[in-house]
Protein chains: 2
Amino acid sequence: MFFWEERPRTRGPKPALTLDRIADAAIAVADAEGLAAVTMQRVAADVGYTKMSLYRYVPGKTELVAVMLERAIGEPPVGGAGDWRTALSAWAEALLGRYAPHPWAIEATAGGRPIGPNELSWMESALAVLPGGLTGAERMDAVAAVAGQVRMIAGQAATTEGELTATIGLVLREHADRFPALAAAVSDTATRGGQDQAFRFGLERILDGLEVLIQRR
Amino acid sequence: MFFWEERPRTRGPKPALTLDRIADAAIAVADAEGLAAVTMQRVAADVGYTKMSLYRYVPGKTELVAVMLERAIGEPPVGGAGDWRTALSAWAEALLGRYAPHPWAIEATAGGRPIGPNELSWMESALAVLPGGLTGAERMDAVAAVAGQVRMIAGQAATTEGELTATIGLVLREHADRFPALAAAVSDTATRGGQDQAFRFGLERILDGLEVLIQRR
DNA sequence: TTATTTCTGTGTACGGTAGACACTGTTTCC
DNA sequence: GGAAACAGTGTCTACCGTACACAGAAATAA
């Protein structure tokens, strides 16, 4: 199914590299200098080979990024005990924790792309904790909503912690009258914790909303 | 503040193009062939000039994409009457409606980028409808949660309506035992409406969650 | 053992990209 | 009627992903 499933090796020279080693080098570049810095040339140089050698391990750059994502996100943690709410909350927190060290990950997931097994495992483990009161479609939608919250916050965090707020501040200084509600909200936000609180607030709302629905049934 | 604010013109030849015309051409290309097809060369050819002429109107490609986004999303609709819930729901629906014709828009918002006035206006109009029971920070977080839902669904819709589902189906045929919850949910999803219902489900949960909090105060 | 097959890593080449810069010609102000 | 400012163009550079042919290494077949 996936191109990186290892083929049975027969003759010829032993490969000097590993797909994992390549992906790790690429991830290191992306972590340090952003996804745009990840070029075949650069990654190859970092592992000490020529760029064309990479194509023996990966069909193209698209697939390299897919592998990077798979490795960066990894497998979901084993579902702990507890009710669906604490389990789903932990799931969301864990997923955000995986995105956090890799600001480029959100960018990499934008647009059509191949989907890896780890991504499916994350979906699986989230779906598994939801109670039977919801239909299958509703469970999918619930997971999507939570995942949306994770991605929103992860994406915001990727913009250098408040580049958005900085831009807003700049504009507000000139056009505060055009954006009264924004100005009011921003002046209030300045004095509080970072993205963690934003994440938890949204997450609690979604979980509250799910709880309302579940208990109603 | 923004580079596209028109400078007072003095001497020299009259510009043959308009930033708007350039952006519209670029949007047309992106709508039809994706964001990757938007190159300076291509856009310039479509408006009938050389690529270098575009740099008289826009500092670089990054800014061109920012303008494309601004025009594609446009200004928020005037807030209708009604309680905060129906207003915020309408806001979310309107925003999704703006994303829908432009599948590339989500991709374009990934990663750090300049933020335009229209984007701020959308934030403003959402913040304005939220009741005073919430703090400024909470109002921001609430809007982020709703926006996250919009973006999640818009992003899913951009992947050719079910490319995700198709991939899942493929994998499930081979490894259904590894993903039982996913298999169960998917088989249930197959027989129901498209992304609209997924959007509404998540949105209603978020709004329910907000309502719980607001009424508690 | 030798010959053959198969695969790895490399060098070269191509078409594409964004953008720097110098130039010509047009428009408007002094 | 200069002179200054600006629009559009042609040329150039550096870099990107990747197609393709080739040399050498390793394992198999004779």
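## Helices, a partner chain and two DNA strands

Me: Which residue follows H4(A), and what is the sign of its phi?
Reply: This is a predicted model, so take each value as computed from it. Right after H4(A) comes a residue with phi near 70 degrees. The residue is A:Gly74, and the sign of its phi is positive.

Me: How far apart are the end C-alpha atoms of H4(A), and what span should its 13 residues have?
Reply: Helix H4 of chain A covers residues 61–73. Counting 1.5 Å a residue, with one less than the number of residues as the multiplier, the 13 residues should span 18 Å. The model agrees, since the end C-alpha atoms are apart by 18 Å.

Me: Which residues of H4(A) are buried, and what covers them?
Reply: The buried ones are A:Leu64, A:Val65, A:Ala66, A:Val67, A:Met68, A:Leu69 and A:Ala72. Their cover includes three helices of chain A: H1 (19–33), H5 (84–99) and H6.

Me: Is A:Ala30 buried or exposed?
Reply: You'll find A:Ala30 in helix H1 of chain A. To be buried, a residue needs 20 or more other C-beta atoms within 10 Å of its own. A:Ala30 has 23 C-beta neighbours inside 10 Å, so A:Ala30 counts as buried.

Me: How far apart in space are A:Ala30 and A:Trp104?
Reply: Along the sequence, 74 residues separate the two. Still, A:Trp104 is one of the residues in contact with A:Ala30, and others among them are A:Leu35, A:Val38 and A:Met68. From C-alpha to C-alpha, A:Ala30 and A:Trp104 are apart by 6.6 Å.

Me: What share of the contacts in chain A between residues at least 6 apart in sequence join residues at least 24 apart?
Reply: The pair A:Ala30 and A:Trp104 is 74 residues apart in sequence, and the two are in contact. Now take the contacts in chain A between residues at least 6 apart in sequence: the share that joins residues at least 24 apart is 71%.

Me: How many helices and how many strands does chain A have?
Reply: Read the elements from the N terminus on and you get α-α-α-α-α-α-α-α-α-α-α. Along its principal axes, the C-alpha trace spans about 65 × 50 × 25 Å, and buried residues make up 40% of the 217 residues. The count for chain A is 11 helices and 0 strands.

Me: Which helix of chain A gives the most to the side that touches chain B?
Reply: Where the two chains meet, 55 residues of chain A are in contact with 55 residues of chain B. Helices H6, H7, H8, H9, H10 and H11 of chain A each supply at least two residues to that side. By class, the side of chain A that touches chain B has 30 nonpolar, 13 polar and 12 charged residues. The helix giving the most, with 14 residues, is H8(A).

Me: How is H10(A) oriented relative to H7(B)?
Reply: Two packed helices are described by the angle between their axes and the distance between the axes. H10(A) and H7(B) have axes 7 Å apart and an angle of about 80 degrees. Angles of 65 to 115 degrees count as roughly perpendicular, so H10(A) and H7(B) are roughly perpendicular.

Me: Which residues of H10(A) meet H7(B)?
Reply: The contact of H10(A) with H7(B) has 7 nonpolar, no polar and 1 charged residues. On the H7(B) side sit B:Leu120, B:Met123, B:Glu124, B:Leu127 and B:Ala128. Meeting them from H10(A) are A:Ala181, A:Leu182 and A:Ala185.

Me: At roughly what angle do H1(B) and H4(B) cross?
Reply: Residues of H1(B), including B:Leu19 and B:Ala23, meet residues of H4(B), including B:Leu64 and B:Val67. The axes come within 9 Å. H1(B) and H4(B) are therefore roughly perpendicular, with a crossing angle of roughly 85 degrees.

Me: Which helix gives the largest share of the surface near DNA strand D?
Reply: There are 25 residues around DNA strand D, and A:Thr39, A:Gly60, B:Gly12, B:Ala16 and B:Met52 come nearest. By class, this surface has 9 nonpolar, 9 polar and 7 charged residues. The largest share is 3 residues, and they come from H2(A).

Me: Which helix gives the largest share of the surface near DNA strand C?
Reply: Of the 24 residues around DNA strand C, the nearest are A:Gly12, A:Ala16, A:Met52, B:Thr39 and B:Gly60. This surface divides into 9 nonpolar, 9 polar and 6 charged residues. Its largest share, 3 residues, comes from H2(B).

How values were computed: Residues numbered from 1 in each chain as written. Chains lettered and ligands numbered in written order. Predicted model: local features only at pLDDT ≥ 70, side-chain atom pairs only at ≥ 80, totals over all residues. Contact = placed C-beta atoms within 7 Å. Helix = DSSP H or I, 4+ residues; strand = E, 2+ residues; numbered from the N terminus. Nonpolar A, V, L, I, M, F, W, Y, C, P; charged D, E, K, R; others polar. Near = placed C-beta within 6 Å. Axes fitted to C-alpha atoms, helices over the stretch in contact; angles between N-to-C directions. Parallel < 35°, antiparallel > 145°, perpendicular 65-115°, else oblique. Buried ≥ 20, exposed ≤ 12 C-beta atoms within 10 Å, placed from the backbone. Lists of a residue's contacts leave out its neighbours within four places in sequence.
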